[in-house]
Amino acid sequence: MNAIANNLSSINQRITNAAARSNRTPDSIGLVVVTKGRSVQEMQTALTAGVTDIGENRVQEAQQKYAVVNSVVDTTAVVSTEKTCRWHLIGHLQRNKVKTALDMFSLIHSVDSLRLLAEIARRSEERAQQTDVLIQVNTTREVSKHGLDADDLLEFMENAQAYPTAHIVGLMTMGQLSPSPDANRPAFALLRSLAEKIEAQKFPGVSMQYLSMGMTNDFEVAIEEGANLIRIGRAIFGLSG
Ligand SMILES: *Cc1c(COP(=O)(O)O)cnc(C)c1O
């Protein structure tokens, strides 16, 4: 087995164990394999090893890779990767990149302003589609970080009702880069409780289907706190990235 396939299989085992600790089955937890800074060849290796969801944090980088990854048809594969791989945008999105982003991404994890949501809705209407998005929350209150303040979230959700073609399907957050994964437990618990509050409001068309939280350093804690989408790069491709 190559290193990437090997790492994936150990991550899947750790997901299974963490899921069991939160009384869930591993298939209820989605793995987004983060390929920012990685080569197309590394991506192909991961896809061949069975990866179905990839995450990129910059539109331009994703665009360059998208063309190549989706043009390579592996004739030895039973199913071509083209239809089986979903692209997730996990990094900050500028409004002038929304149109391009909608060409590629199935889920945008990083909506952090009403103006961005409005632009996603406008571009979605042009294409006669709905676009699934997550709202990014700054649960650690770091000033350097993108995301809405938890205190502003309910008001945001009310205002978001004006833009139904941007279909809100959950929340996303990033923990702190801390040597101790447990340090992020309160942040992850906060995101889950925010999702429960939103759910209780029964906003029309809004679902809290996804909690996107947990990375290489802290995904097990995130799963224990209710994550059902985790985003992992370094533990799969190597810690240098
Ligand atoms: C890079 C990145 C990840 C993956 O982080 P790793 O530590 O490599 O697992 C997850 N989410 C976001 C938003 C990222 O930018």
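How far is a nitrogen atom of the ligand from an N or O atom in the side chain of Arg-231? In this predicted model, the separation comes to 2.8 Å. Lys-36 also takes part through its side chain, where an N or O atom lies 2.8 Å from an oxygen atom of the ligand. With Gly-233 it is the backbone that matters: a polar atom there is 2.9 Å from a ligand oxygen. As for how wrapped up the ligand is, the protein covers 92% of the 390 Å² of accessible area that the ligand has on its own.

Now for the wider surroundings. The ligand sits in the largest pocket. Around the ligand are Val-34, Lys-36, Ile-90, Met-174, Met-215 and Thr-216, along with the run Arg-231, Ile-232, Gly-233 and Arg-234. Sorted by type, this shell holds five nonpolar residues, two polar ones and three charged ones.

Another spot to look at is Glu-142, which is found in the loop that links β5 (131-136) with α7 (153-160). Is Glu-142 buried or exposed? Its relative accessible area is 22%, so Glu-142 counts as partly exposed, given that buried means under 20% and exposed over 50%. The side chain of Glu-142 has a partner too, making a polar contact with the side chain of Thr-140 at 2.5 Å. Further along the chain comes Gln-176, 34 residues away from Glu-142 in sequence, yet the C-alpha atoms of these two residues are 8.5 Å apart.

How values were computed:
Residues are numbered from 1 along each chain as its sequence is written. This is a predicted model: local features need pLDDT of at least 70, side-chain atom pairs count only at pLDDT 80 or more; totals for chains, interfaces and linings use all residues. Side-chain values use heavy atoms; hydrogens and water are left out. A residue is near a molecule or strand if one of its heavy atoms lies within 4 Å of it. A polar contact is a pair of N or O atoms within 3.5 Å; within protein, one must be able to donate a hydrogen and the other to accept it, and residues adjacent in sequence count only if both atoms are side-chain atoms. Accessible areas come from the Shrake-Rupley method with a 1.4 Å probe; for residues, only the protein chains shown count as cover. On a 1 Å grid over the protein atoms alone, a cavity is a set of points where a 1.4 Å probe fits but cannot get out, and a pocket is an open set with protein on both sides within 12 Å along at least five of seven lines; lining residues have an atom within 4 Å of a point. A molecule sits in a cavity or pocket if more than half of its atoms lie within 2 Å of its grid points. Ala, Val, Leu, Ile, Met, Phe, Trp, Tyr, Cys and Pro count as nonpolar, Asp, Glu, Lys and Arg as charged, and the others, Gly among them, as polar. Helices (H or I, at least four residues) and strands (E, at least two) are DSSP runs, numbered from the N terminus. Buried means under 20% relative accessible area, exposed over 50%, partly exposed in between (1.4 Å probe, protein chains only).
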